[in-house]
Amino acid sequence: MIYEAIIGLEVHAQLLTDSKIFCGCSTKYGSPPNAQTCPVCLGMPGVLPVLNKKTVEYAVKMVLAVGGRINEESFFARKNYFYPDLPKGYQISQYEKPLAYGGFVEIDLSHGKPKVKRNKRIKIERIHLEEDAGKSIHIENKDSKTLVDMNRCGVPLMEIVSQPDLSSPEEAYLYLGKLKQLLEYLEICGCNMEQGNLRCDANVSVRPEGEKNLGIKTEVKNMNSFKGVEKALNYEIERQIDILKSGGRIKHETLLWDEEKEKVSFMRTKEVSPDYRYFPEPDLVKLVVKRDWIEKIKRTLPELPDHKKERFLKKYKIPEYDASVLTSSKNLADFYEEGLKFYSAPKILSNWIMGEVLRELREKRCEIGDLRIKPEDLAGLLMLVDDGIISGKIAKDVFKEMVDTGRKAKEIVKEKGLVQVTDKGQIEKVVEEVLKKNKENVNEYLSGKEKLFGFFIGEVMKKTKGKADPKLVNQILKEKLKR
Amino acid sequence: MELNHLRAWELKKLLESREVSSREVLESVLDRIKSDGKSINSFITLMEDGAQKAALKVDKKRSSGKKLGALAGIPVVVKDNICVKDNLCTCGSGILKNFIPPYDATAVELLKGEDAVIVGKTNMDEFGMGSSNENSYFGPVKNPYDLKRTPGGSSGGSAASLASDMSILALGSDTGGSVRLPASFCGVVGLKPTYGLVSRYGLVAFASSLDQVGCLTKDVKDCAMLLSAVAGYDQRDSTSINIVRKDYTKSWEDDLKDIKIGVPKEYFGGGLNKEVKENVLKGIEALEREGFKTLEVSMPGTDRSIAVYYVLCMAEASSNLARYDGARYGFRTKETFDLDLMYKKTRTKGFGDEVKRRIILGTYVLSKGYFKAYYQKAQKVRTIIKKDFDRAFEKVDFLITPTSPTTAFKLGEKIEDPLTMYLSDVYTTSANLTGIPAISLPCGKDSFGLPIGLQIMGKPLSEELLLKVAYTFEQNLKR
Ligand SMILES: [Zn+2]
């Protein structure tokens, strides 16, 4: 029997506001424990929450980006449970009537093969606002204790709940990537899963293909990276299928993903899962988001990835694959467009970004903003190639140096004497020397071993330290070897 | 006449004309507290040093000709669930017996801004939960009229301190009658303002949608003075109403002839003590003689208000009090084996019986499977009660009722019977459920010489007019 998986994701995105959701404390990451706290986020007796409007604005941006419906009136609710890093004994969240319902994102299942274009819509169930809890640090030794850091307590979170539209771990991975892309474009979330500013829980069930009814689902928590999500889901789906195949039954339970052991462990069954006793938060008034506020926020939205991609295709006439890669992040797209202000061959610039620039980013594990090369500098380098001043090969070396030192291409070329040799006579001399030195190879070549042509080119380039204009070398070699 | 027997507006005149100093006023109050404070037990914390410094500062400011606030040099006491920076704020609970807030409640900040002298923190039912002040970790407050009787709760310490001339002005809090009931039992004025008129910031929450800081005073003019100081919009309280600040002390001699007063018949039915009824009806007649038109109205939702009130206040309390879990605020059981046990043992030991009863019931009504039947239903009935009042206020400007069905009962009389105790609030909870202002005024005494309270309720934000009607009533009673 073939089984299919049904997956829904609950994603928590930490919003990039300067201050917390219900008080004025800073949200900066990495401060000393409890340095960013006040009576309000510590939940001290008598204090009251006051909603930070910026968090609403940010969440509305996301709702607009996925085409959701914003509720003109929504409500905050208390989610009651005891834990030391939850100082009030309840978390302020939204339950009935959240900020927004609906919307969708599209994931691209063509695997980079533009010919088999296949998009899938993943519908969004709801988007709402809530506060984060503090962080418990468990110290395990002879007098083991738990320490609590409340810096994160009250940091704004936006929860995005998908419908169970995902049917494979890969789709879940792509969906997360798409959310991340949108959040980054909107500049509302840091999106660093390892730092916890993007978190994800999954609801997973499987059923025999063709079956209409849903299977019993489990909830998988504690997945701390994009790859972790994919792995955890693969693991859990296989686990469920194995159980069903051997005639067993899935239990409705909550599981924790262990990233190191790469397996899930049991957390609790749903029968004993806490009753959160949600009820409307009486310390806050209803959240009203009027049309004109939405319109105002709409006007601040940046161009979103799908639009940008379409525009790149039309305006720069680059292949679809190039447009996808270049618009995968806003910074990359901005870098590209900025470069085009100084350099007018879109495809060549695209090749360089997709090749050399992305390679650097992968090697250095950094963002484009971290590289010391500016778009106009890259453009300058490419112009040197176009003008025949350096060869493409040398340009790649120069590029590396630019990235590392932040110096301009012209400077490096001049200082290292990398200017291309385009003097025909000079190249002829070198060619003759090479041919004289390698008479045997010349004879072999002339008797039909044409592969050796590359060898001669290599030798000439070696002698000229790569500076000879390859076109000229080619041309001259061909002429000389004919005789 | 001793200074501590005077009203705030009388002291204000003496202070402004420099016939007395702030220190002298404070001294008279402190002397009174020291001689008899223990027998009444109305204070949890006496802030003698701080008060003396504040009084001295006011005197210096006055002699140097600097501008002074409206309450300059007037002693004020504050219920112990309202935070005064750097002073204990116990809420009458063992679980907070060591808690010192690093912030002022907005109401306290405003009092300090008007140069009031804060003298101490008054005893109360634990977290405001009680009608007799017997639920205090620090022992019950006694009624100055009869030490064997309750001063009413939960702001019993504030009311008793006024009745025994140990304070001049007092802040209380009113969730279901906690300002008005003790005012009635102690023969003083008690105002619960419109929900949102006084900021709740720094008022330790019992039931957030019902709690309101209130004023306890010796007469209506004082009440207007205190309300003018503490009322006003506060950004730190999202439920506070954004209106321009008002001076409620301005004029008392307006023409009130066109004002209509409703007498809801449901408030005069069974369970109402005969003497209380007679006195309140006499009070209504007095207002008629002043030219007010009165008419009987019907509020069929009245009998449900107690049930609705207790469901909602317990639900909110169960959540509001979750933060007292032993992890913070000083009190934690020493037997800390694991997290769950720390919670259980700390809360078992730290809370009193009534608080635990309400937390358990409140948790129950919010639980899966019961939420609809209790919490949601109560919210629906709350809306019905609101409509009752809206309808009545289409016909009349104010409603007059007794404040409580009885006068002060004996300590220990009802403490073993919570349901009977809860009925003490039968006439007061509606004002909290609907958010309207309500004032309790002294209205004669019963045959034991115990004060009787008359309640006037008004439309939202009608405090200005409400105080004028109350003043007319008070003047009439004097004659
Ligand atoms: Zn804070």
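What follows is a short dialogue on reading a few features of this predicted model.

Visitor: What should I know before I start?

Guide: This is a predicted model, where local features need pLDDT of at least 70 and side-chain atom pairs count only at pLDDT 80 or more, while totals for chains, interfaces and linings use all residues. Residues are numbered from 1 along each chain as written, chains are lettered from A and ligands numbered from 1 in the order written, and side-chain values use heavy atoms, without hydrogens and water.

Visitor: Let's try the metal. Which residues coordinate the zinc ion?

Guide: Donors are N, O and S atoms within 2.8 Å of the metal (3.2 Å for Na, K and Ca), and water is not among the atoms, so sites may look incomplete. Here the SG atoms of Cys23(A), Cys25(A), Cys38(A) and Cys41(A) coordinate the zinc ion at 2.3 to 2.4 Å. Their spacing in sequence reads C-x1-C-x12-C-x2-C. Cys23(A) and Cys38(A) each lie in the loop between strand S1 (3-14) and helix H1 (53-66) of chain A, so this pair ties together parts that are 15 residues apart in sequence.

Visitor: And what is the arrangement of the four donor atoms?

Guide: Four donors count as tetrahedral if all angles lie between 85 and 135 degrees. Around the zinc ion the angles are 101 to 116 degrees, which makes the arrangement tetrahedral.

Visitor: On to helices. How do I read the packing of H9(B) and H12(B)?

Guide: Helices are DSSP runs (H or I, at least four residues), strands likewise (E, at least two), numbered from the N terminus. Axes are lines fitted to C-alpha atoms, for helices over the stretch in contact, with angles from 0 to 180 degrees between N-to-C directions. H9 (residues 305-320) and H12 (residues 372-395) of chain B pack at about 130 degrees, their axes 9 Å apart. Angles under 35 degrees count as roughly parallel, over 145 as roughly antiparallel, 65 to 115 as roughly perpendicular and the rest as oblique. H9(B) and H12(B) are therefore oblique to each other.

Visitor: Where does H11(B) come in?

Guide: The axes of H9(B) and H11 (residues 353-366) of chain B come within 7 Å and cross at roughly 100 degrees, so the two helices are roughly perpendicular. Contact means heavy atoms within 4.5 Å; among the residues that make it are Tyr310(B) and Met314(B) of H9(B) and Ile359(B) and Leu361(B) of H11(B).

Visitor: Which residues does Leu68(B) contact?

Guide: Leaving aside neighbours within four places in sequence, Leu68(B) touches Val58(B), Lys61(B), Arg62(B) and Asp115(B).

Notes: Four donors count as tetrahedral if all angles lie between 85 and 135 degrees; four count as square planar and six as octahedral if opposite donors are over 155 degrees apart and all others between 65 and 115; anything else is irregular.
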